[in-house]
Amino acid sequence: MERLNYFNPYESKGAWHEDQLTRAFLVVVRMVPLALSTFLDLIRDQQVKAKNERPLPSLSDLMTQGVGIYTQRNSVPQTTGRLISLLMTDKHWTPENKVQESQRGARYDGVLCFDPEWIIVIENKPDHQNVWADQVNPSLPAEGHKIEVDPQLVVLRWSDVVNRLTALLDVNWLGSTDRQLVSDFLEVLDEEFEY
């Protein structure tokens, strides 16, 4: 699938499949600006907590760049920038090694591109026991790219994402359409990914 489009669902995967969860979340991030801001804040918070030397810049800085949101990509659709590897799961997961380029044939659950400076690749594993170490290592083109891989993995727990999205609903900062999208997403989580 190329650019994320709400009207192109996965017909061959059940609602319970982790790829459906990623797709639904990325739809919310694409369509609800405060959800995107919240998501990027969560990533930056984890980077700051881990004392990352070069965390994501502010949303206002990022938004001056072209933004692309993709799902189920075999490659990163950009040839420059700093790449952040992000794992979304149920509990904190500690990698054995630093994030580094891999020779495996990757299939990214999600990719956010802020062309030309930042790339976020997402590995979604609702159950941390299903993560294998090389999944968080990006596969990059053999040559001709200027992508720098951030060695620190960012791990977001789904419960933290849910808490932040719920907080957006609670403070009533969302318009009616944004509110409905976030509510629908949280309802899907309750029905299909209760754990």
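In which loop is N137 found? In this predicted model, N137 is found in the loop between β4 and β5, the latter strand spanning 146-149. The report begins with this residue and then turns to S85, to two residues of helix α2, to the packing of helices against α5, and finally to some points of backbone geometry.

**Buried polar side chains**

N137 has a relative accessible area of 9% and is therefore buried, since residues under 20% are counted in that class. The side chain of N137 has two polar partners among those described here: a polar atom of the side chain lies 3.0 Å from the backbone nitrogen of Q100, and the side chain also makes a polar contact of 2.9 Å with the side chain of D134. When residues up to four places away in sequence are not counted, N137 touches K98, V99, Q100, S102 and R104, and Q100 thus appears both in this list and as the residue whose backbone nitrogen faces the N137 side chain.

S85, which lies in strand β2 (residues 80-89), is likewise buried, because its relative accessibility is 3%. A polar atom of the S85 side chain lies 2.5 Å from the backbone oxygen of V136. Leaving aside neighbours within four places in sequence, S85 is in contact with V99, V121, V136, Q152, L153 and V154; V99 is also among the residues touched by N137.

**Two residues of helix α2**

R44 is found in helix α2, which covers residues 33-49. With a relative accessible area of 19%, R44 counts as buried, because the class takes in values under 20%. The side chain of R44 makes a polar contact with the side chain of D41 at 2.9 Å. Not counting residues up to four places away in sequence, R44 touches P55, L56, P57, S58 and L59. As for T64, which is 20 residues from R44 along the chain, the C-alpha atoms of the two residues are separated by 18 Å.

Q46 is found in helix α2 as well, and its relative accessible area of 23% makes it partly exposed. Leaving aside neighbours within four places in sequence, Q46 is in contact with V154, V155 and L156; V154 is also one of the contacts of S85. Q46 and R157 are 111 residues apart in sequence, yet their C-alpha atoms are 11 Å apart in space.

**Helix packing against α5**

Two packed helices are described by the angle between their axes and the distance between the axes. Helix α1 (residues 18-31) and helix α5 (residues 176-192) pack at an angle of about 165 degrees, with their axes 10 Å apart. Angles over 145 degrees count as roughly antiparallel, and α1 and α5 are therefore roughly antiparallel to each other. Their crossing is left-handed. The contact is made by L21, A24, F25, V28 and M31 on the side of α1, and by D178, L181, V182, F185 and L189 on the side of α5; these residues divide into 9 nonpolar, no polar and 1 charged.

Helix α4 also meets α5: the axes of α4 and α5 come within 10 Å and cross at roughly 145 degrees, and α4 passes α5 in a left-handed crossing. Here W158, V162, L165, T166 and L169 in α4 meet R179, V182, S183, F185, L186 and L189 in α5. The residues of this contact divide into 8 nonpolar, 2 polar and 1 charged. V182, F185 and L189 of α5 take part in the contact with α1 and also in the contact with α4.

**Backbone geometry in loops**

A cis peptide bond, with omega of about 15 degrees, joins D115 and P116; P116 is found in the loop between β3 (108-115) and β4 (118-125). Positive phi values in residues other than glycine are found at K51 and at N172, and the table sets out these two residues.

| Residue | Phi | Loop | Relative accessibility |
|---|---|---|---|
| K51 | near 60 degrees | between α2 and α3 (59-62) | 70%, exposed |
| N172 | near 60 degrees | between α4 (158-170) and α5 | 52%, exposed |

K51 counts as exposed because its relative accessibility of 70% is over 50%, and N172 counts as exposed because its 52% is also over 50%.

Conventions:
Residues numbered from 1 in each chain as written. Predicted model: local features only at pLDDT ≥ 70, side-chain atom pairs only at ≥ 80, totals over all residues. Heavy atoms only, no water. Axes fitted to C-alpha atoms, helices over the stretch in contact; angles between N-to-C directions. Helix = DSSP H or I, 4+ residues; strand = E, 2+ residues; numbered from the N terminus. Parallel < 35°, antiparallel > 145°, perpendicular 65-115°, else oblique. Left-handed = near helix turned anticlockwise from the far one by under 90°. Contact = heavy atoms within 4.5 Å. Nonpolar A, V, L, I, M, F, W, Y, C, P; charged D, E, K, R; others polar. Buried < 20%, exposed > 50% of the residue type's maximum accessible area, 1.4 Å probe, protein only. Polar contact = N/O pair within 3.5 Å; in protein donor to acceptor, adjacent residues only side chain to side chain.
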